[in-house]
Amino acid sequence: MLAAAAVAGVLHACRPEPGLGTITYTRAGKRHIVDLASCRERVEPGRPTTPRPLVAADGTVAFVRASRDWWTIVARKGGRSRDVYRISRRYHVVTDDTGPPELLGWSPNGQWVLFVVDPDASGSIQADGLVLRAVSVAGGQVVRIARMLVYRDYLTWCGDELVFTGGGDRVATSHKRLLVASPPAWRPRPLVVAPGRSWGSVACAPSGRWLVAQSQRQSDNPSFFATHWALWRVGLDGSTRRLTSPPRGYTDESPRISRDGRTLMFVRSRKGTGKLYALRSSNVVGPLLLLGNEAGFYGHHDWWLTADWSAAR
């Protein structure tokens with residue numbers, strides 16, 4: 001049962017749980033910082049949201065420069081810049097290769113930039129998946145890896161391996177495979193062979209040897225709240241072990257792993273209302289905190305878009 005606060009400064013709808021750090025989330029333009037050990041809350045003015053630069057481990061920054069004729073992916077370190085890849089802004093037919101690039105991340109060694117091309121800057125086209133691409137900062141041909149929904153929580157690095165959820169169709173539960181690829185070849189292969197099962201958000205453990213992914217039976221139901229995700233531990237050898245079993249009508253999503261790899265934080269939701277839970281020593285703990293209501297998009301939620309967990313930093 002959710003513990004109700006009796007005094008000012010203590011958050012309503014919070015269950016104290018020592019050792020889980022703090023949760024920071026944004027609501028109504030204000031930042032709420034909640035100590036999960038005591039449920040004490042601090043509220044601060046909201047901070048302006050500005051796009052974060054895409055910075056590699058060695059400090060190189062990648063960004064897109066737009067001119068009259070080109071979109072150019074640029075890599076800059078110190079005062080030196082290098083044009084990595086250009087896309088013409090002059091075209092007559094819309095294809096997978098026409099439109100502005102959207103940068104998604106760096107490889108761990110800082111040698112490759114991951115990105116997609118948004119055909120004609122169409123949100124509708126993007127909703128049904130775009131081709132994940134990689135280009136070396138040293139120049140050369142762009143590698144087309146696989147089509148995927150453009151969600152930041154659908155790809156993660158486990159060591160030198162990129163693990164991602166592949167597949168088009170905006171319905172998150174429809175024909176999504178868990179794939180793995182690595183440079184320089186970037187040939188995608190299934191990490192898990194599981195016919196009849198779809199995969200979603202992923203999070204790699206600090207060791208880089210395993211990850212947590214949400215999964216459920218394949219479904220073409222487009223309803224936003226028709227999901228029944230559960231969380232699975234997946235090894236880089238393809239081994240799997242189910243971690244959670246949400247009740248009927250509920251869904252477990254948005255996994256996040258602590259720095260020491262011992263605690264898994266996730267959100268259990270019903271009809272878009274999400275509550276924070278933790279998995280410690282195979283035991284589900286919670287609900288810890290009410291996060292509010294989010295519609296998501298065709299079965300996908302990323303509850304960490306407006307929240308952060310100190311123990312995972």
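This passage describes the disulfides, a set of paired strands and the internal cavity of a predicted model.

The disulfides make a convenient starting point. The chain contains 2 disulfides, and their connectivity follows the pattern 1-2, 3-4 when bonded cysteines are counted along the chain. One of the links joins Cys14 to Cys39, with the sulfur atoms 2.0 Å apart. The torsion about the S-S bond is -80°, which gives the link of Cys14 and Cys39 a left-handed sense. Cys14 sits in the segment before strand S1 (22–27), and Cys39 occupies the loop between strand S2 (30–35) and strand S3 (40–45), so this disulfide ties together parts that are 25 residues apart in sequence. Both Cys14 and Cys39 are buried.

The other link pairs Cys158 with Cys204, again with a sulfur separation of 2.0 Å. Here the angle about the S-S bond is 135°, and the link is right-handed. The bond connects distant parts of the chain: Cys158 belongs to strand S12 (residues 155–158) and Cys204 to strand S16 (residues 197–204), 46 residues apart. Cys158 has a relative accessibility of 1% and therefore counts as buried. Cys204, at 17% relative accessibility, counts as buried too, because the cut-off for burial is under 20%.

Attention now turns to strands S4, S5 and S6. Strand S4 (residues 54–55) runs antiparallel to strand S5 (residues 61–66), and 2 bridges join the two. Within this pairing, Val55 has Val61 of S5 as its bridge partner. S4 and S5 form a hairpin with 5 residues between them, and Gly59 in the turn adopts a positive phi of about 90°.

S5 also pairs with strand S6 (residues 70–77), again in antiparallel fashion, through 6 bridges. In this pairing, Phe63 faces Val74 in S6. The connection from S5 to S6 is a hairpin as well, made through 3 residues.

Finally, the interior of the model can be considered. Rolling a probe the size of a water molecule over the atoms shows where empty space is left. The search returned 1 cavity of 30 Å³ or more, and the largest cavity holds about 30 Å³ of space. Its lining consists of Val171, Ala172, Thr173, Ser219, Asn221, Ser223, Ala226, Thr227, Tyr298 and Gly299. By residue class, the lining of the largest cavity comprises 4 nonpolar and 6 polar residues, with no charged ones.

Technical notes. Residues are numbered from 1 along each chain as its sequence is written. This is a predicted model: local features need pLDDT of at least 70, side-chain atom pairs count only at pLDDT 80 or more; totals for chains, interfaces and linings use all residues. Side-chain values use heavy atoms; hydrogens and water are left out. On a 1 Å grid over the protein atoms alone, a cavity is a set of points where a 1.4 Å probe fits but cannot get out, and a pocket is an open set with protein on both sides within 12 Å along at least five of seven lines; lining residues have an atom within 4 Å of a point. Grid points are joined across faces, edges and corners, and a volume is the space filled by probe spheres set on the points. Ala, Val, Leu, Ile, Met, Phe, Trp, Tyr, Cys and Pro count as nonpolar, Asp, Glu, Lys and Arg as charged, and the others, Gly among them, as polar. A disulfide is a pair of cysteine sulfur atoms within 2.5 Å. Helices (H or I, at least four residues) and strands (E, at least two) are DSSP runs, numbered from the N terminus. Buried means under 20% relative accessible area, exposed over 50%, partly exposed in between (1.4 Å probe, protein chains only). Two strands pair if DSSP finds at least two bridges between them.
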